[in-house]
Amino acid sequence: MELTVGPVMGFWDAAAWSDFYAKLAETPGVKRVVIGELVCSKRLPFYQMRLPEAIERLQAGGKVVAVTSLALVTLKRERKQTAELADMGLEVEVNDITALAHLPEGAAFSAGPLINVYNEGTVAFLKARGAVRFCLPPELPMASVERLAAAAGPVPVEVWGWGRLPLAISGRCYHARYHDRAKDQCQFVCADDPDGLAVDTLDGQEFLAINGVQTLSAQCANMAHTLPRLKSAGVSGLRLSPQTQGFFEVISLFDDLVQGRISAEEMSAKALPHAPGGAFCDGFLEGAAGVSWSGNPLHAQV
């Protein structure tokens, strides 16, 4: 079971972004890294010039590097940015199906978790188009994961292993609206919440988290207890989503878990203090609801 580090979904300070990838390049246990801007194209100029150095460091550290497309391409400049991804000489992780129009016919790419890969026909279409890897949508039940992994055959399949789940993407910016700002005059207020801003219901129940134009789960997904089922289903990778605090401890714990050095129970207990939102979920795979947790309730929340 390989570990993949997904793209930074929040808006991080550029220096912190660079430091993160410098440290990640030297971190054992991680096989693959997806880098670039997934959520909002307005964030990209803040670290775009740092991308080549970060990629070079990661590759020197033995990591396989892919670059993500935007999750929602709407503007002319975003179409231009998407078209330029193929010129970087890296595998492109497609997270908006329109990005395929900008890849040369037959060029290898990976299908990211924001592509609706829900059935065997979609898997077959993307494989024929050049897909060399799938990160399945995090809302799929285990039965679907099993069928899609079988349909993928020798093409590697990974699932979301850790981090707030990406639930939706919108043309509107929730962060800007929350602060009574227009999207075009947001003043990058999302930088105040680099791991997402928690949203509660009127009754005070944890509900969601917002990250600019993106909606996330309030709870942190942790697939430690589902690892045996995922392995038997043919899943070969877990995706860990970056966060500003405790992420390298989380990587170490997952490495220990997949290598059999610790149990899922021990891993979850040690990882809980680092969980965004202070609670775990894995219910989309086998639970009654996405917010369900299959582990020890004592290790489900702070």
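The following exercises, each with a worked solution, concern the predicted model shown above.

Residues are numbered from 1 along each chain as its sequence is written, and side-chain values use heavy atoms, with hydrogens and water left out. Because the model is predicted, local features need pLDDT of at least 70 and side-chain atom pairs count only at pLDDT 80 or more, while totals for chains, interfaces and linings use all residues.

**Exercise 1. Overall dimensions**

Determine how the radius of gyration of the chain relates to the value for a compact globule.

Solution.
Step 1. The radius of gyration is taken over C-alpha atoms, and the globule rule is 2.2 Å times the number of residues to the power 0.38.
Step 2. For 302 residues, a compact globule would have a radius of gyration near 19 Å.
Step 3. The chain has 18 Å, which agrees.
Step 4. Along the principal axes, the C-alpha atoms fill a box of roughly 50 × 45 × 35 Å.

**Exercise 2. Composition, burial and surface**

Describe the secondary structure, the contacts, the surface and the charges of the chain.

Solution.
Step 1. There are 10 helices and 12 strands in the chain; helices (H or I, at least four residues) and strands (E, at least two) are DSSP runs, numbered from the N terminus.
Step 2. Of the 302 residues, 53% are buried, where buried means under 20% relative accessible area, exposed over 50%, and partly exposed in between (1.4 Å probe, protein chains only).
Step 3. Contact means heavy atoms within 4.5 Å. Among contacts with a separation of 6 or more, 66% are between residues 24 or more positions apart.
Step 4. The chain exposes about 13300 Å², of which carbon and sulfur atoms supply 53%; these areas come from the Shrake-Rupley method with a 1.4 Å probe, and for residues only the protein chains shown count as cover.
Step 5. There are 26 positive and 33 negative side chains, and the centres of the two sets lie 5 Å apart. Lys and Arg count as positive and Asp and Glu as negative, while His and the chain ends are not counted. The place of a charge is NZ of Lys, CZ of Arg, CG of Asp or CD of Glu.

**Exercise 3. The surroundings of strand E11**

Establish which strands pair with E11 and whether its faces are covered or open.

Solution.
Step 1. Two strands pair if DSSP finds at least two bridges between them.
Step 2. Strand E1 (residues 2-5) runs parallel to E11 and is joined to it by four bridges; Leu 3 has Leu 238 as its bridge partner.
Step 3. Strand E7 (residues 157-169) is also parallel to E11, with four bridges, and here Val 159 stands opposite Leu 238.
Step 4. In a regular strand the side chains alternate between the two faces of the sheet.
Step 5. In E11 (residues 237-240), Gly 237 and Arg 239 are on one side and Leu 238 and Leu 240 on the other; all are buried, and both faces are covered.
Step 6. Arg 239 has a relative accessible area of 1% and is therefore buried. The C-alpha atom of Arg 239 is 8.7 Å from that of Gly 163, with their positions 76 residues apart along the chain.

**Exercise 4. Strand E7 and Leu 165**

Explain why E7 is described as largely enclosed, and locate Leu 165.

Solution.
Step 1. Since 10 of the 13 residues of E7 are buried, the strand is largely enclosed by the rest of the structure.
Step 2. Strand E6 (residues 131-135) runs parallel to E7 and is joined to it by two bridges, with Phe 134 partnered by Val 157.
Step 3. Leu 165 lies in E7 and counts as buried at 3% relative accessibility.
Step 4. Beyond neighbours within four places in sequence, the contacts of Leu 165 include Pro 138, Trp 160, Gln 219, Cys 281 and Phe 284. The C-alpha atoms of Leu 165 and Cys 281 are separated by 9.5 Å, although the two residues are 116 residues apart along the chain.

**Exercise 5. Positive phi values between H6 and E8**

For Asp 180 and Phe 188, state the phi value and the exposure.

Solution.
Step 1. Most residues other than glycine have a negative phi.
Step 2. Asp 180, in the loop between helix H6 (174-178) and strand E8 (197-200), has a positive phi near 60 degrees. At 73% relative accessibility, Asp 180 counts as exposed.
Step 3. Phe 188 lies in the loop between H6 and E8 and has a positive phi near 55 degrees. At 26% relative accessibility, Phe 188 counts as partly exposed.
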